[in-house]
Amino acid sequence: MQPLQLSRMRYNGKLPISSLGIALVMLMSLAAITSSCTEQEKASLLKFLTGLSQDGGLAASWRNGTDCCTWEGITCSMDGTVTDVSLASKGLQGYISPTLGSLAGLLRLNLSNNMLSSGLPQELVSSGSIIAIDISFNRLDGELHEMPSSTPVRPLKVLNISSNLFAGQFPSSTWGAMKDLVALNASNNSFTGQLPTHFCTSFPSL
Ligand SMILES: *[C@@H]1O[C@H](CO)[C@@H](O)[C@H](O)[C@H]1NC(C)=O
Ligand SMILES: *[C@@H]1O[C@H](CO)[C@@H](O)[C@H](O)[C@H]1NC(C)=O
Ligand SMILES: *[C@@H]1O[C@H](CO)[C@@H](O)[C@H](O)[C@H]1NC(C)=O
Ligand SMILES: *[C@@H]1O[C@H](CO)[C@@H](O)[C@H](O)[C@H]1NC(C)=O
Ligand SMILES: *[C@@H]1O[C@H](CO)[C@@H](O)[C@H](O)[C@H]1NC(C)=O
């Protein structure tokens, strides 16, 4: 059996190896094309960077000519879609740009433990992709805006806005669109008034 196998290998050797080589080159160039983020995603992230008065050194890797999937704190899926922005405890100051809400494949945003101020952009809470927002331990203020009751169900599962300076009436209609909410921490803020009635029964999974 052995000599037969050997000669078969020798006979078939050339063709499979060269077609394998071509396939490999094609696969590699395909990966090079598809695994980098889009110009639009890059622009959204650079707008966020522009809104920071202290960027904790992010600008060193967040450079426009480079693939944003390689930037500090950014994770992409296999196809190069930005899925995570993880920038907890980076000493960030400034405001959160609403352009983060236009990252169409963003799943998780973690900006906890910074010194970010100003408001939480409605674009993030009402995003059609984000499942977790953690902006706890910052200096964010203002009110959480109500979402129109016509808002379709949002995928948000985790919302941690605790230990900030949010004030005003706690929203009531917003939660109608949050059927998937599993965890909400709004403690240690300055909200006034009462929780909406039936609050806890509005979320099947909370
Ligand atoms: C980044 O580069 C692109 C393409 O070269 C350019 O169109 C865009 O204006 C640049 N963005 C910034 C923020 O410099
Ligand atoms: C955000 O990051 C902090 C620090 O790594 C971590 O403790 C926290 O659990 C993260 N939040 C979420 C929702 O995963
Ligand atoms: C914020 O709350 C979420 C949900 O309870 C939790 O997973 C996360 O760890 C919290 N973040 C921090 C910084 O504790
Ligand atoms: C909510 O967040 C605060 C910190 O901001 C933490 O002390 C508290 O334990 C959290 N609550 C829950 C239920 O996780
Ligand atoms: C309440 O929030 C402030 C400001 O973020 C923070 O310094 C403090 O530790 C928080 N308190 C608790 C109990 O989490």
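**Strands, ligands and two loop residues**

Strand β4 (residues 93-94) and strand β6 (residues 115-118) run parallel and are joined by two bridges. That's a good way into this predicted model, where six strands make up an open sheet. Beyond the sheet, there are two ligand sites to look at, one around ligand 1 and one around ligand 3, plus a domain annotation from UniProt and a couple of loop residues, serine 162 and aspartate 55.

**The sheet**

- Reading across the sheet, the strand order is β1-β4-β6-β8-β10-β12, and the pairing is mixed.
- The edges belong to β1 (52-54) and β12 (190-192); each has a single partner strand, so one side of each has no neighbour in the sheet.
- Where β4 meets β6, glutamine 93 sits opposite methionine 115, and glycine 94 sits opposite leucine 116.
- β6 is also joined to strand β8 (residues 139-142), again by two bridges and again with the strands running parallel.
- On that side, serine 117 has arginine 139 of β8 as its bridge partner.
- As a reminder when you look at the strands, side chains in a regular strand alternate between the two faces of the sheet.

**Around ligand 3**

- Ser112, Asp134, Ser136, Val158, Asn160 and Ala183 surround ligand 3.
- Sorted by class, that shell comes out as two nonpolar, three polar and one charged residues.
- Aspartate 134 puts a polar side-chain atom 2.7 Å from a nitrogen atom of ligand 3.
- Asparagine 160 has a side-chain N or O atom 2.3 Å from an oxygen atom of ligand 3.
- On its own, ligand 3 has 360 Å² of accessible area, and the protein covers 50% of that.

**Serine 162, a contact of asparagine 160**

- Asparagine 160 also turns up in a contact within the protein: its side chain makes a polar contact with the side chain of serine 162, at 2.7 Å.
- Serine 162 itself is in the loop between β9 (158-160) and β10 (165-169).
- Is serine 162 buried or exposed? Its relative accessibility is 4%, so serine 162 counts as buried.

**Around ligand 1**

- The residues around ligand 1 are Glu39, Leu46 and Asn64.
- Asparagine 64 has a polar side-chain atom 2.4 Å from an oxygen atom of ligand 1.
- Ligand 1 exposes 360 Å² when taken alone, and the protein buries 25% of that.

**The annotated domain**

- An unreviewed UniProt entry places "domain: Leucine-rich repeat-containing N-terminal plant-type" at residues 39-77.
- That span, residues 39-77, is 31% helix and 15% strand, and its end C-alpha atoms lie 16 Å apart.

**Aspartate 55**

- Aspartate 55 is in the loop between β1 and β2 (74-76).
- With a relative accessibility of 21%, aspartate 55 counts as partly exposed; the cut-off for buried is under 20%.
- How far apart in space are aspartate 55 and glycine 91? Their C-alpha atoms are 7.2 Å apart, while the two residues are 36 residues apart in sequence.

Methods: Residues numbered from 1 in each chain as written. Chains lettered and ligands numbered in written order. Predicted model: local features only at pLDDT ≥ 70, side-chain atom pairs only at ≥ 80, totals over all residues. Heavy atoms only, no water. Near = heavy atom within 4 Å. Polar contact = N/O pair within 3.5 Å; in protein donor to acceptor, adjacent residues only side chain to side chain. Areas by Shrake-Rupley, 256 points an atom, 1.4 Å probe, with all protein chains shown as cover. Pairing = 2+ DSSP bridges. Helix = DSSP H or I, 4+ residues; strand = E, 2+ residues; numbered from the N terminus. UniProt positions renumbered as here; feature names shortened; annotations may be inferred. Nonpolar A, V, L, I, M, F, W, Y, C, P; charged D, E, K, R; others polar. Buried < 20%, exposed > 50% of the residue type's maximum accessible area, 1.4 Å probe, protein only.
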